[in-house]
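Trainee: I would like to learn how to read a structure like this one feature at a time, with the general idea before the particular case. Could we begin once the model is in view?

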Amino acid sequence: MTLSVTAHSGATHQMADAWRRQTSLRRLYTAIGVGLLIVALGSTMWFADEANAGHFFDRLPHLLDFLSWLVPKDWNDVWRAMFDIASPHDTGTQEFNFPLGRAYVWGSFYVPEYFELMLTTLNVALVSTFIGFVFAVPFSFIAARNLTPHPVLRLIVKRFMELLRAFPEIVIAGLFAAIVSIGPIAAIIAIGLHSIGALGKLFYEINENIDMRAEEGLRAVGANWFERVRFAGLPQVLPNFMSYTLLRVEINVRISTIMGAVGGGGIGEELKLSISRGFGAKTIALVLLLFTTIFIVDQFSAWLRRKLVGEQAFVMGA
Amino acid sequence: MTAMTADEIQSIEERFPQVFQRPFQKRFGPLLLLGGIFFYLLYALWFFNLPQVMRESHWERLPLFLTQWISYDVQPIFRLDEPQITAKYPRFSVLGPDPNPDWVKTNADGSVTILIDGTAKSITFNRTQATIIANGETVAVGLGTGKPLISGPVPGWITAHEDEVVADMGFAGEARVAVDRVRIRKRFLGWANFVFDTRSPFFGKSASEVASLIVSGPELKPGTSNLALAGDNIWNNAQWQHGDVWTKLLQTIVMAFLGTMLGGIVAFPLAFFAARNITPSRLVNQVLKRFFDFMRSIDMLIWALFFTRAFGPGPLAGSAAIFFTEIGTLGKTYSEALENIDDKPREGVTSTGANGLLVQRYGVLPEVVPVFISQTLYQWESNTRGATIIGAVGAGGIGLKLWEAMRTNSNWANVFYMVLLILLVVFIFDNISNFLRRRLSRTIHDYNRIQAEQG
């Protein structure tokens, strides 16, 4: 597209010149930016390739190999693996030795172990979100510019939440694994602490956007800080708080799966073992189970959020 | 205040029925919710077997570990059944192969004094008697009778076991006295051998000594300049592994960058086809949107595990895992941004007879590019934070190193060092990303202001 400017007067001419200068400068900046980005992408790709155990182009033809072991001899093995029913292909290896993983509830009535592991992962996510919520709510009111009881306190709480957010979860999990032994409790503490920081930030940003007239009214009748927060702040923000908390549940289900893979118990551990040992049918069963669970959690929380605050709640959160 | 009559109450109730006769769900909803949460927590308590886990946990280890993050200790052993009482240091003592610390003193009468924290916290011993001084008290332990015997009252900071007397001196350390040996633990604040490890020829030298050696000293290792040797010694420090740690940290950053950028590049064109206002075909929209959902909901962990199998462990696997997840995340956010655009510029460009591509370029892109960049930056920042975790399952980066250091249960200082580096990186990247996003939003803001001024 070209812009033709007919020179009627000096002023128009000057304007066109300035416009052209500005565009060419912009184009130069864009070109430099894109060039830098390409250089950065190229060099980081090279670095990642160099540092990796197998190289990209060497592995590329074999990329789909790993899918081939996923294909079980008999697709029914997937269901057998999920419900711990003995496989007729059992050769004595662990790959087909399904009936071992049963959690007996009552007599000979059992729940497949995978379901119990999934439940552990879900419970880790729920309990840690609860911890996050319980602490993030008061912290968020202290950290909100318009509601804080004291500016210095606000600064401290804000920094503290930043630290909780940025602190690597596996370090907290590892530290507590050394104290309460490896397992879900360490994962709950780690994810819970992270959730305090993550939810607290989202919450105080909501708090800073509330309508302050209700707070002024309460101030006028002599309400103290706690009463102002309780009766002016909380009712306004609670729907949004709930919405973000539900979003956090989704994220925490994923994180607790990852924590499981590094020793936090639950389904992640089993998944990691299954993939690294090459148990095709078991892996598919686990991924299916995980996929279904995450899908259900996502849909349920989306439905709840829609009910709570309507469409505006569908924003990305971290 | 006068009491209301029944009639008045009734009339108020009639006028505002929505306040007094709320549906059951609204009246008891919150209460039921709280009750539900309470019962769920009780269930969780039982499910995780919390009381037992808490009983079996070792909370006393927490301060111990935390002190190990910021300090180190030296643990010499003195054998009392040998002809000469001399200190034996562990094989890889942080004091180097030839330690001769000034806090171990051999007195004229053959006894040894160890200053754990000056003379206020110290222990003096010979073959028959040990004198422990701490907290303003002096305790004598007799060693001549086959088992350590404390004469006089036992203060709270001393624990007397059958064959050993343990004197706890707080942060400064502890002394364990038995009839045939005395074990000392002396704790120092800070990190030992952070720059040069004990094998380095520069070990134990002050900064000025090292500087003068580098500038004008004789070559310590023939054929290599002292500067190169010093650099090599620091980079390959056996205890702190600076080189390895920094490379792994760089891998984590690279993983996040590569994954996010490539995800953005792939998601960018796809988002145009997924946005229902730009591509009218409902089928294409739905297929792409479900594809994004799929990429997102297969977790980063599963991608990471698959790609470590495909590529072998390393940052390539991590980048690929982030890349696949980001296609989903960025595809979704991009297409949502596209669906929220103002249609007028597009109509304007279409009315000039421009073809489809040009309409996107001039009618749509200027509106969404700032949003796209801002979302990509946000994901980049969040992935930099998150990439440490998938590293722990073998996807490259500092995660695995961290996890390994923690598993040994002894390298807590190394853990803290890596944590500090990660926090620093996260802090820097947060600020870069925030700065860039602010710049971007300011552009939009300025643009809106100019628009408003022009009416």
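Trainee: What is the order of the strands in the open sheet of chain B, and in which sense do they pair?

Mentor: Keep in mind throughout that this is a predicted model. To read a sheet, one follows the pairing from strand to strand, and two strands count as paired if at least two bridges are found between them. Here the open sheet has six strands in the order β4-β5-β6-β7-β8-β9 of chain B, with antiparallel pairing. Its edge strands are β4 (104-106) and β9 (149-151), each of which pairs on one side only. Direction ignored, neighbouring strands of this sheet are turned by 20 degrees against each other on average.

Trainee: How many bridges join β5 to β6 in chain B, and which residues are partners?

Mentor: Strand β5 (residues 112-117) and strand β6 (residues 121-125) of chain B run antiparallel and are joined by five bridges. Within this pairing, B:Leu115 has B:Ser122 as its bridge partner in β6(B), while B:Val112 is partnered by B:Phe125. On the side of β4(B), the antiparallel pairing with β5(B) extends over three bridges, and there B:Val112 stands opposite B:Thr106.

Trainee: Which residues in the turns of these hairpins take a positive phi?

Mentor: For each hairpin, look at the residues between the strands and then at their backbone angles. The hairpin of β4(B) and β5(B) has five residues between its strands, and B:Gly110 in that turn has a positive phi of about 90 degrees. In the hairpin of β5(B) and β6(B), three residues lie between the strands, and B:Gly118 takes a positive phi near 65 degrees.

Trainee: Is β5(B) mostly covered or mostly exposed?

Mentor: A residue is called buried when its relative accessible area is under 20%. By that cut-off five of the six residues of β5(B) are buried, so the strand is mostly covered.

Trainee: Turning to chain A, how many helices and strands does it have?

Mentor: Chain A has 12 helices and two strands, and from the N terminus on, its elements run α-α-α-α-β-β-α-α-α-α-α-α-α-α. Of its 318 residues, 47% are buried. Among contacts between residues at least 6 apart in sequence, 68% join residues at least 24 apart. As a single case, A:Ile189 in helix α8 (residues 184-207) of chain A is in contact with A:Ile172 and A:Phe176, leaving aside its neighbours within four places in sequence.

Trainee: How many cavities of 30 Å³ or more are found, and what lines the largest?

Mentor: The distinction to carry along is that a probe fits in a cavity but cannot get out, whereas a pocket is open. A search of the whole structure finds two cavities of 30 Å³ or more, and the largest has a volume of about 60 Å³. Its lining includes A:Ala173, A:Ala177, A:Met259 and B:Trp403. The largest share of that lining, four residues, comes from α10(A).

Trainee: Which elements give two or more residues to the lining of the second largest pocket?

Mentor: That pocket has a volume of about 2000 Å³ and is lined by 39 residues, with A:Met242, A:Leu308, B:Leu33, B:Leu34 and B:Ile37 nearest its centre. The elements giving two or more residues are α5 (113-143), α10 and α12 (280-309) of chain A, together with α3 (24-47) of chain B. Among them, α3(B) gives the most, with 13 residues.

Technical notes. Residues are numbered from 1 along each chain as its sequence is written. Chains are lettered from A and ligands numbered from 1 in the order in which they are written. This is a predicted model: local features need pLDDT of at least 70, side-chain atom pairs count only at pLDDT 80 or more; totals for chains, interfaces and linings use all residues. Side-chain values use heavy atoms; hydrogens and water are left out. Buried means under 20% relative accessible area, exposed over 50%, partly exposed in between (1.4 Å probe, protein chains only). Contact means heavy atoms within 4.5 Å. Axes are lines fitted to C-alpha atoms, for helices over the stretch in contact, and angles run from 0 to 180 degrees between N-to-C directions. On a 1 Å grid over the protein atoms alone, a cavity is a set of points where a 1.4 Å probe fits but cannot get out, and a pocket is an open set with protein on both sides within 12 Å along at least five of seven lines; lining residues have an atom within 4 Å of a point. Grid points are joined across faces, edges and corners, and a volume is the space filled by probe spheres set on the points.
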